[in-house]
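Got your viewer open? Get ready to click along, one selection at a time.

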Amino acid sequence: MELNDIVIQFIGTDNYNLSPINDGLINTTYLLEDKDQHKKFILQKINQHVFKQPEIIVNNHLIINELLRSNNYQFQMIEPIPSRSHTLLVNDANGGSWRMLSFVENSITFLTAPSLQTAFEAAKTFSYFLNTINTGKLPAIEDTLPNFLNFEKRVGDYRDSLKNAAPHLRESAKAEIEITNQFLSLPDQWIEMEKSNQIPKRIIHADVKISNILFDQNHHPLAVIDLDTIMISTILYDFGTMIQSYTNTTSEDDGNAKNNFNAEMYKVVKEGFLFYLKEKLTPEESGHLDYAAQVAIYIQELRFLTDYLNGSIYYSTKYPEHNLDRTRNQLELLKGLREYLENE
């Protein structure tokens, strides 16, 4: 089935423009302009190597939108648009799954926070989003990425990669392996808190980077996007990954980065995250935010190093030491965060 056939199944005409959007790392995304309706949409092929069951993504999205609607959510929502045959997924000849989503006009995105104020607004927006969807009994959200937040497995995968790595990879990563091994017990408390139910299960976004918020031209938030990773887990993960994403002053590909942790960014992101959630968090959650930030950075570093030792088979790389540079960058970020917390 040609791409044109997919488009026609959704909008019923071949009078359209289609432009690729290359910001995303996982799905294949297009801006679709229906010239008959004078309307724009997002057309997306779901990456089934990552998301094995696209129907779960769609079902979770519908559940979240219903929660947002029923709780008087004030931002715009991204709506799944049904095909002409009233389905939310259309399969191509190769079994690929396509969906169409509403488009937010006059919106912009950022790959990194352009200012402390914008970072604060982004964190505050995610705080509002998370507060809105966590208002009662947990709904029937299913995992789109099983074991994604299984940190015990992440550590186990790293140990296996260390055992099975080609000698030249182990040798070139010798310094990074040594530092990583010093912190191997860092996630232990997180793992134990989850196992013993010391921290509550909540609906989390699980991909709270700033590029998943749409802003207007004046940098005011318009919408939270990309609900593909929505899952039930600990809200500590969303805070931790927010810090991992926002506080890095360099590209995560920069293996020569020094002093890449931005303490001022940490303060405003934490303030924004707590803006709507402060009263909702349990003492165990609010008391472990600084710890969660360390674990999130460490787990990301661990994943980069694991992939490097495995021969770089998971993350896309542009040169042999790409994942090792990413590892070095995260280790420097973790070092900066820990020094900041020790001096607070």
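Here is a tour of strands, rings, cavities and a pocket.

**Before you start**

This is a predicted model, so local features need pLDDT of at least 70, side-chain atom pairs count only at pLDDT 80 or more, and totals for chains, interfaces and linings use all residues. Residues are numbered from 1 along each chain as its sequence is written, and side-chain values use heavy atoms, with hydrogens and water left out.

**Stop 1: the strands**

Select residues 16-21 and 28-34, which are strands β1 and β2. Helices (H or I, at least four residues) and strands (E, at least two) are DSSP runs, numbered from the N terminus. β1 and β2 pair in the antiparallel sense over six bridges; two strands count as paired if DSSP finds at least two bridges between them. Click on P20 and look across to Y30 in β2, which stands opposite.

Now add residues 39-45, strand β3. β2 and β3 also run antiparallel, joined by seven bridges. Here L32 stands opposite F41 in β3. While you are looking at side chains, remember that in a regular strand they alternate between the two faces of the sheet.

What do β2 and β3 form together? They form a hairpin, with four residues between them. Pick H38 in that turn: its phi is positive, about 55°, although H38 is not a glycine. H38 counts as exposed, at 70% relative accessibility. For these labels, buried means under 20% relative accessible area, exposed over 50%, and partly exposed in between (1.4 Å probe, protein chains only).

Want another one like that? Jump to N147, in the loop between α3 and α4 (151-164). N147 isn't a glycine either, and its phi is positive, near 70°. With 43% relative accessibility, N147 counts as partly exposed.

**Stop 2: the rings**

Show the aromatic side chains. How many aromatic pairs does a search of the whole structure find? The search finds 20. Rings of Phe, Tyr and Trp (its six-membered ring) pair if their centres lie within 6.5 Å; planes under 30 degrees apart count as stacked, over 60 as edge-to-face and the rest as tilted.

Select Y128 and Y276, a tilted pair at 5.1 Å centre to centre with 50° between the planes. Y128 lies in helix α3 (residues 116-133) and Y276 in helix α9 (residues 263-277), so this pair ties together parts that are 148 residues apart in sequence. Y128 is buried, with a relative accessible area of 13%, while Y276 counts as partly exposed at 32%.

Next, try F304 and Y315. Their ring centres are 4.9 Å apart and their planes are at 55°, so this pair is tilted. F304 is in helix α11 (residues 289-309) and Y315 is in the loop between α11 and α12, eleven residues apart. Both F304 and Y315 are buried.

Back to Y128: select it along with Y73, F75, F120, F129, F275 and Y276, and you have one aromatic cluster. Add K124, which lies over the face of F275, at 4.6 Å from the ring centre. A charge sits over a ring if NZ of Lys or CZ of Arg is within 6 Å of the ring centre and within 35 degrees of the ring normal.

**Stop 3: the cavities and a pocket**

On a 1 Å grid over the protein atoms alone, a cavity is a set of points where a 1.4 Å probe fits but cannot get out, and a pocket is an open set with protein on both sides within 12 Å along at least five of seven lines; lining residues have an atom within 4 Å of a point. Grid points are joined across faces, edges and corners, and a volume is the space filled by probe spheres set on the points.

There are two cavities of 30 Å³ or more. For the largest cavity, select V58, H61, P80, L88, R99, M100 and L101. Its volume is about 50 Å³, and β6 gives the largest share of the lining, three residues.

For the second largest cavity, about 40 Å³, select N65, L68, Y73, Q76, M77, I78, F129, V224 and L227.

Last, the second largest pocket, with about 200 Å³ of space. Select I179, F183, G255, A257, K258, R328, L331, E332, L334, K335 and R338 to see its lining. Helix α12 (residues 322-343) gives the most to this lining, with six residues.
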